[in-house]
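Reader: I have a model open and want to know how the inside is packed. Please take me through it.

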Amino acid sequence: MTLVAGIDSSTQSCKIVVRDAATGALVRQAKASHPDGTEVHPDYWWSALEQVIDGPDGVGGLGDVAALSVGGQQHGMVVLDAHGEVIRPALLWNDTRSAQAAKDLITDLGDGDAAAGRAAWADAVGSVPVASLTVTKLRWLADHEPQAAARVAAVCLPHDWLTWRLSGSRSLTDLVTDRSDASGTGYFDAEANVYRRDLLALALRRREEEVDGIVLPRVAGPGEAAGRGGSDVAGRDLSHLVLGPGCGDNAGAALGLGLRTGQTSVSLGTSGVVAAVSAVATHDASGLVTGFADATGGFLPLACTLNGARVLDAARTVLGVGYEEFDALALAAPAGAGGLVHVPYLEGERTPNLPRATGVLTGMTLASLTPGNYARAAVEGLLCLLRGGVDAVRSLGVEVGSVTLVGGGVRWECARRLAPAVLGVPVDVPEPGEYVADGAARQAAWVLDGGEEPPAWELGPVEHLEAEPQPEVRAAYERAAALVASSQTP
């Protein structure tokens, strides 16, 4: 049996799966936590990775593993100096301090015209800058920490940095990424497969020739090896490992689920993500849909919310109940929660682009303000937020006839059961799993196999859910969300 490993270095934790390269059968797995916050030093990711490899609760080392790939949270800004040292803690995707930088970059490219700027960005890289994208964090760095910005010799992303550490190299020129993660930076054209150094220069407020010396990771093709493990990686000999190019977490999940062109996933994790596998690129000047690439050579138009399953965690904490009791409360309450509407912008929001917004609870009366209605309103609000992402993707001509629901949030029975009615389409729910890590492992097997396509691994049992759509729930939510949007300064 040939074994491969896949890593998911996510916002909250590091997970590893070791699988049979031929069948995908799970052999062993492990998990370690990351620190909280939207600004994290990459050393914490490395420490967690070491724990899952050979810590007390790890997978017992990688001595019998032939290949490994890393999937990781997208957009995180890792800046390195000329010696390969991290200059400052990474700003993660959910750090919204660069919201103004996003607005500035839009008007800069549009010569002062925001509409023209949005169109120009969408045409150039398929995405309009929002606070999540790496390019906006680089502008924030240039404006707020110019001394740090002046030291930047290389820019990479979380999964790039971890793959580089596993290679044992200290040379910046050995940094490698893939199309999916590069497409989330805001300065990579996934159709032409080239970096847009003019946009990198715009972000750093430099002339284009001044950024020519900044190293950006080589973009490996799908199924292409990124290199080999190092012979001395913090005391480990990993030279037997073939390293895959890795992938962004959303592309990794699509690969792990085996999604093909025309299929859509909705991931309910720290964030909420609607991702549709497409053969063609999208260019959405509204900025609601980002034009990412996938991990197989295609595209992954994607709408992402900052708020995900933690909305339900917060509501459960307010009620002071356990998970099962929260599920029971939400499912026993009527559709529409007796008029109670929860707009869950608890961490600002990206889709719609309202980074400074806060959540709102409306429709409160003596009759409606009950524990059950509050639980139901939190679930319906979260699902309505995701429905907005589905509609945004669909508006670009991408067909969404059903969705595959994944992520840690599917463990909430209330989220699974209410999803078809609120999303308005049938919902398939695979068994809970580490699909980002699985996708990375499948990519590692693909690199070993050398074939034109990744190996066919069979997905486990899938629950199929249908329900009559509830447009009145969405309509009430949209009215409340419109009030929030109108209160935000442009």
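Author: What follows is a set of short questions and answers on packing, rings, helices and backbone.

Author: This is a predicted model: local features need pLDDT of at least 70, side-chain atom pairs count only at pLDDT 80 or more, and totals for chains, interfaces and linings use all residues. Residues are numbered from 1 along each chain as its sequence is written, and side-chain values use heavy atoms, with hydrogens and water left out.

Reader: Which helix gives the largest share of the largest nonpolar core?

Author: A nonpolar core is a set of buried Ala, Val, Leu, Ile, Met, Phe, Trp, Tyr and Cys residues joined through side-chain atoms within 4.5 Å. Buried means under 20% relative accessible area, exposed over 50%, partly exposed in between (1.4 Å probe, protein chains only). The largest core has 54 residues, and Phe326, Tyr345, Val379, Val393 and Tyr477 have the most contacts inside it. Its largest share, 13 residues, comes from helix 12 (residues 371-394; helices are DSSP runs of H or I, at least four residues, and strands runs of E, at least two, numbered from the N terminus).

Reader: How many residues are in the second core?

Author: This core is separate from the largest one. Leu105, Leu133, Leu204 and Ala275 are among its members. Its size is 46 residues.

Reader: How are helix 10 and helix 12 oriented to each other?

Author: Their contact (heavy atoms within 4.5 Å) includes Val311 and Leu312 of helix 10 and Pro371 and Tyr374 of helix 12. The axes come within 9 Å and cross at roughly 170°; axes are lines fitted to C-alpha atoms, for helices over the stretch in contact, with angles from 0 to 180 degrees between N-to-C directions. Angles under 35 degrees count as roughly parallel, over 145 as roughly antiparallel, 65 to 115 as roughly perpendicular and the rest as oblique. Helix 10 and helix 12 are therefore roughly antiparallel.

Reader: What kind of aromatic pair do Phe326 and Trp412 form?

Author: Rings of Phe, Tyr and Trp (its six-membered ring) pair if their centres lie within 6.5 Å; planes under 30 degrees apart count as stacked, over 60 as edge-to-face and the rest as tilted. Phe326 sits in helix 11 and Trp412 in the loop between strand 22 and helix 13, 86 residues apart. Both residues are buried. Their ring centres are 5.3 Å apart and the planes are at 80°, so the pair is edge-to-face.

Reader: Is Tyr195 buried, partly exposed or exposed?

Author: Tyr195 pairs edge-to-face with Phe188, at 5.3 Å centre to centre and 70° between the planes. Phe188 is buried, at 1% relative accessible area. The value for Tyr195 is 22%, so Tyr195 is partly exposed.

Reader: Which residue lies over the face of Trp46?

Author: A charge sits over a ring if NZ of Lys or CZ of Arg is within 6 Å of the ring centre and within 35 degrees of the ring normal. Arg97 lies over Trp140, at 5.0 Å from the ring centre. Over Trp46, at 4.3 Å from the ring centre, lies Arg165.

Reader: What is the relative accessible area of Gln443?

Author: Gln443 lies in helix 14 (residues 435-449). Beyond neighbours within four places in sequence, its contacts include Ser69, Gly244 and Leu255. Gln443 is buried, with a relative accessible area of 1%.

Reader: Which peptide bond is cis, with omega near 5°?

Author: Look in the loop between strand 20 (341-343) and strand 21 (360-362), where Pro352 is placed. The cis bond runs from Thr351 to Pro352.
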